[in-house]
Amino acid sequence: MASTDTTTRDGGRDLAGLEAGLDALETVPKARKPLRQTFTEKILPPVVAVALVLAVWQALVSFRIVDDPTKLPAPADVWHVLRDAWLKGELLGYIWTSVSRGLLGFGLALLIGTPLGLLVARVKVVRAAIGPSCPGCSPCRRWPGCRPR
C-alpha cells in the first residue's frame with residue numbers, strides 16, 4: 001500500500017527517485033505515431049513473413065519439389081481439413097494431443113537433462129567421459145572470454 005509517510009530511511013537517497021517520478025508526471029506525452037508508420041513497422045512485417053512462408057510452401061507443392069502429399073500437403077488441403085475438424089468439434093482434441101506431447105517431451109528433457117548437467121558440471125570423471133562426445137555440454141566453450149576449468 002502507498003504510504004503518506006515522508007520520512008526517509010536511507011538518509012535522503014530515496015528523494016532522487018521520488019523527484020524523478022514526479023518529473024515524469026509533468027512531462028508532456030509523446031505524440032502518437034501516424035497509422036501508416038505503425039502499419040509499416042508493426043503490422044506489415046509479420047504479414048509479409050506469413051505470406052512468404054505460404055508462398056514457398058505452395059511453390060514446393062506446385063513445382064512438385066515434394067511429390068508425396070503425405071509429407072507436404074498443399075496449404076489449401078490443410079485449410080480444408082482444419083476447417084472440417086473445427087466444424088466437427090475435433091480440433092481442440094488435436095491441439096491438446098499436440099500440446100500434451102510437447103509438454104511430455106519438455107518434462108522428460110528436464111528430468112533427464114538437469115541431473116545429467118549437474119553431474120557433468122560437478123564430477124570430473126563424468127565430465128571427462130561425456131565431454132568429448134558432447135561439445136555443447138560445456139557452457140565455457142560457447143561464451144567468449146570464459147576459460148574452461
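Q: A residue is buried under 20% relative accessible area, exposed over 50% and partly exposed in between (1.4 Å probe, protein chains only). Why is Arg 64 called exposed or buried on that scale?
A: Arg 64 has 62% relative accessibility, so this residue counts as exposed. The cut-off for exposed is over 50%. Arg 64 sits in the loop between α2 and α3.

Q: What kind of model is this, and which residues and atoms count?
A: This is a predicted model, in which local features need pLDDT of at least 70 and side-chain atom pairs count only at pLDDT 80 or more, while totals for chains, interfaces and linings use all residues. Residues are numbered from 1 along each chain as its sequence is written, and side-chain values use heavy atoms, with hydrogens and water left out.

Q: What makes the phi of Arg 64 notable?
A: Phi of Arg 64 is near 55 degrees, a positive value in a residue other than glycine. Most residues other than glycine have a negative phi. Arg 64 comes just after α2. After α3 comes Gly 89, with a positive phi near 85 degrees.

Q: How many helices and strands does the protein have, and how are they defined?
A: The protein has 6 helices and 0 strands. Helices are DSSP runs of H or I with at least four residues; strands are runs of E with at least two; numbering starts from the N terminus. The order is α-α-α-α-α-α.

Q: What makes Leu 44 a kink in α2?
A: The bend at a residue is the angle between two axes, one fitted to the seven residues ending there and one to the seven starting there. At Leu 44 in helix α2 (residues 35–62) the kink is about 45 degrees. Pro 45 follows shortly after.

Q: How do you know what span to expect of α3?
A: The expected span is 1.5 Å times one less than the number of residues. For the 14 residues of α3 that gives 20 Å, and the helix reaches 20 Å from its first C-alpha to its last.

Q: Why is the pair Glu 41 and Lys 33 called a salt bridge?
A: A salt bridge needs a side-chain nitrogen of Lys or Arg within 4 Å of a carboxyl oxygen of Asp or Glu. Here the closest N and O atoms are 3.2 Å apart. The pair therefore meets the rule. Glu 41, at 41% relative accessibility, is partly exposed.

Q: How many salt bridges are there, and which other pair counts?
A: The count is 2. Arg 83 pairs with Asp 84, with closest N and O atoms 3.9 Å apart. Arg 83 is partly exposed at 45%. Asp 84 is partly exposed too, at 38%.

Q: What makes Trp 86, Leu 87, Leu 92, Ile 95, Trp 96, Val 99 and Leu 103 a nonpolar patch?
A: Patch residues have over 30% relative accessible area and no salt bridge; nonpolar side chains (Val, Leu, Ile, Met, Phe, Trp, Tyr) are joined within 5 Å, like charges within 9 Å. The seven named residues form such a patch, with about 800 Å² of accessible area together (Shrake-Rupley, 1.4 Å probe; for residues, only the protein chains shown count as cover). α3 (75–88) and α4 (91–122) each supply at least two of its residues. α4 gives the most, with 5. Leu 87, in α3, is exposed at 59%.

Q: How do you class Ala 55: buried, partly exposed or exposed?
A: Ala 55 is partly exposed, because its relative accessible area is 44%. This residue lies in helix α2. Its C-alpha is 9.3 Å from that of Pro 75, 20 residues apart in sequence.

Q: What share of the protein is buried?
A: Buried residues make up 5% of the 149 residues.
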